[in-house]
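Before you set anything up with this model, I would like to go through its architecture with you. Please keep the coordinates open while you read.

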Amino acid sequence: MYKEAWRKIKEADRIVLLSHIYPDGDTIGSILALFWVLKNSGKRVTLFNATKSELPLEFKFLDGFSKIQDKLPNNFDLLISCDCSSFDRLGIEGGDFELVNIDHHKSNQKFGSINLVEPNFSSTGLVIYRLFEENRVKIPKNSAYALYTSIVDDTGFFSYGGVDSFAFKTASKLIDLGVSPEYIARKIRGNEPLCRVRLRAYMLSSFDLRFDASVAVISFSKEVLKSVGATRKDSKNIIHELLNIANVKIAVMLLETDEYIKVSLRSDENYDVSKISELYGGGGHKRAAGFEVASKEMKDVETEILNLLSTKVLNVE
Ligand SMILES: [Mn+2]
């Protein structure tokens, strides 16, 4: 598969690299890592994200970040999607085109003409790394920085479930290529926007505990988001802090937007929250999953999710 995917990519001249809507460091790092390799080999490459205003700015230190645009070129030979579990996460219209789908979500819907999906890898950056390695592609320093960012962002700096020796070995090889782990950690963690800090302060003073304090829940209404000046992107990964509380097994975050309620779930190793996201057509992993619910009140969604968690995940009597 890795050889076939690379052959397909080499045949194309005009290539668009697609990251998913409401992007994270994995999808951004993956497209930027591919970007420099393809650009250096003379391809015409476009970096695409459909929700440009939601780009997390802590990744702006990566070379090429400012080239990410929300318009597709009129003509192209090939699309490559990175870290997207379903076609609608790309934010583009369907059409008659070739698409290489590179991902690591077990819920991936294999919507590409070629699907390079590794559900046991902890980030898509690792799939890109394997693609380069299998095809003996030399990795330039700016791509190495992007891949290292993918790896650390999707593993919470090597601390979430799914981290294995492959993640560490790859990180080690990227360090040998010149990556500074200290620089990347400082750029990502030391650039927290004030609105995010305020959103966290609200969360820590307002969350609820349920089921003998095994589930922590936080809801961010539109009013709350507005009062601290935060948007959806500022809530990214914020609920890990609730999962860190002693005894908490599952953390739930609800976030209200004009169109829907966004639900994020995190759990410890004994609970599979992807069971819930599957019921809503969402995606994710065993310990980190998410989905959106339209046309319902936030309070009702919360009650519904807590009921489902108690019967399907916690198995509370
Ligand atoms: Mn990912």
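The points below take the domains and then the two sheets with the helices packed on them.

1. Please bear in mind throughout that this is a predicted model. The domain assignment of the protein chain gives two parts, with domain 1 covering residues 2–189 and domain 2 covering residues 194–313. Taken over C-alpha atoms, the centres of domain 1 and domain 2 are 26 Å apart.

2. Where the two domains meet, domain 1 contributes 13 residues to the contact and domain 2 contributes ten residues. On the side of domain 1 that touches domain 2, the residues comprise three nonpolar, seven polar and three charged.

3. One open sheet is built from five strands, which follow the order β2-β1-β3-β4-β5 with parallel pairing. Because β2 (44–48) and β5 (114–117) stand at the edges and have a single partner strand each, one side of each remains without a neighbour in the sheet. From one strand to the next, the twist averages 15 degrees.

4. Within this five-stranded sheet, strand β1 (residues 14–19) pairs with β2 in the parallel sense, and five bridges connect the two. If you want a residue-level reference for this pairing, R14 stands opposite R44 in β2. Helix α2 (residues 25–40) packs on the sheet, where it touches β1, β2, β3 (78–82) and β4 (99–103), and its direction makes about 165 degrees with that of β1.

5. A further helix, α3 (residues 124–134), lies across β3, β4 and β5, and runs at about 120 degrees to β4. On the list of strands touched by α2, by comparison, one finds β1, β2, β3 and β4.

6. The other open sheet has six strands in the order β6-β7-β8-β9-β11-β10, and here the pairing is mixed. Its edges are formed by β6 (208–210) and β10 (283–284), each of which has a single partner strand, so one side of each is left without a neighbour in the sheet.

7. At the β6 edge, the pairing with strand β7 (residues 215–220) is antiparallel and runs over three bridges. Which residue of β7 is the bridge partner of D208? That partner is V217.

8. Helix α11 (residues 298–313) lies across five strands of the mixed sheet, namely β6, β7, β8 (250–256), β9 (260–267) and β11 (288–294), and it runs at about 160 degrees to β8. When you inspect this region, it may help to start from β8, the strand against which that angle of about 160 degrees is given.

Notes:
Residues are numbered from 1 along each chain as its sequence is written. This is a predicted model: local features need pLDDT of at least 70, side-chain atom pairs count only at pLDDT 80 or more; totals for chains, interfaces and linings use all residues. Domain bounds come from an automatic or database domain assignment. Two residues are in contact if their C-beta atoms, placed from the backbone, lie within 7 Å. Ala, Val, Leu, Ile, Met, Phe, Trp, Tyr, Cys and Pro count as nonpolar, Asp, Glu, Lys and Arg as charged, and the others, Gly among them, as polar. Two strands pair if DSSP finds at least two bridges between them. Helices (H or I, at least four residues) and strands (E, at least two) are DSSP runs, numbered from the N terminus. Axes are lines fitted to C-alpha atoms, for helices over the stretch in contact, and angles run from 0 to 180 degrees between N-to-C directions.
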